[in-house]
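User: I would like to learn how to read empty space inside a protein model, and then how to read the helix packing around it. Could you take me through the general idea before turning to the case at hand?

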Amino acid sequence: MASYSCYFTKVLVLLFLIMSYFSSLTSCKSSTSRLPHNTITEEDLVSATCKKTLYFQLCVSSLRSDPQSQTSDLRGLAVIALNLSIENGVKALSYINNLMSEAAYKGSQLASTDLSDCVDVYSDAIQNLQDSVQALNDMSFDTVQSFVSAAMTDSETCEDGFKEVNGFSSPLTEQNHHFSQLCSNFLAITTLLH
């Protein structure tokens, strides 16, 4: 009788383990069948949005660098693109300040003057982008366009300042172009919100 009871217990345990195994397989299957669909939808929104910009690869990589892009709608992607532009402007300004210290140390007065001008224009550019935040919240797209276009012009002004100095090339070409491209992508995304 004791051996029958022991055998019955083993069968019950085995049945429980088999049921648990199949239950876990079913839940894994249903979760994985949902996962690719959601991922594809999220990726498609970023890709479809970025196809409307001039700088597709930069748009995709920059938006996807923010985890919130996975669950954002089009307006959310616009906010992310604006924040990325602001962050990039702040980094560029910090980089310029570092270069100014080096230029001053090397005694390059012309470079120091041009870098100082770039500090001024990037400070304006960052302010313009920060003002764009409220304009975007208000869905005032003409105002957004004005602010961001001014910010892009600021980075071009920084770059152009070095062209006037003979024998000195801009140390900020990459930063200026990157900033301008991020702003351009942001503007293209906002046009999709109209």
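User: How many cavities of 30 Å³ or more does a search of the whole structure find?

Analyst: Rolling a probe the size of a water molecule over the atoms shows where empty space is left. In this predicted model, a search of the whole structure finds one cavity of 30 Å³ or more, and the volume of the largest cavity is about 40 Å³.

User: Which residues line the largest cavity, and which helices supply them?

Analyst: The lining consists of C59, S62, L63, A81, L84, L182, N185, F186 and I189. At least two lining residues come from each of α2, α3 (74-106) and α6, with α6 giving the largest share, namely four residues. Sorted by class, the lining holds seven nonpolar and two polar residues, and no charged ones.

User: How are α2 and α6 oriented towards each other, roughly parallel or roughly perpendicular?

Analyst: An angle between helix axes of 65 to 115 degrees counts as roughly perpendicular. Helix α2 (residues 56-64) packs against helix α6 (residues 173-191) at about 85°, the axes lying 10 Å apart, and the two helices are therefore roughly perpendicular to each other.

User: Which residues meet where α2 and α6 are in contact?

Analyst: From α2 the participants are L58, C59, S62 and L63, which meet H178, Q181, L182, N185 and I189 of α6. The residues of this contact comprise five nonpolar and four polar ones, with no charged residue. Reading the two features together, C59, S62, L63, L182, N185 and I189 belong to the contact and also line the largest cavity.

Note on methods:
Residues are numbered from 1 along each chain as its sequence is written. This is a predicted model: local features need pLDDT of at least 70, side-chain atom pairs count only at pLDDT 80 or more; totals for chains, interfaces and linings use all residues. Side-chain values use heavy atoms; hydrogens and water are left out. Axes are lines fitted to C-alpha atoms, for helices over the stretch in contact, and angles run from 0 to 180 degrees between N-to-C directions. Angles under 35 degrees count as roughly parallel, over 145 as roughly antiparallel, 65 to 115 as roughly perpendicular and the rest as oblique. Contact means heavy atoms within 4.5 Å. Ala, Val, Leu, Ile, Met, Phe, Trp, Tyr, Cys and Pro count as nonpolar, Asp, Glu, Lys and Arg as charged, and the others, Gly among them, as polar. On a 1 Å grid over the protein atoms alone, a cavity is a set of points where a 1.4 Å probe fits but cannot get out, and a pocket is an open set with protein on both sides within 12 Å along at least five of seven lines; lining residues have an atom within 4 Å of a point. Grid points are joined across faces, edges and corners, and a volume is the space filled by probe spheres set on the points.
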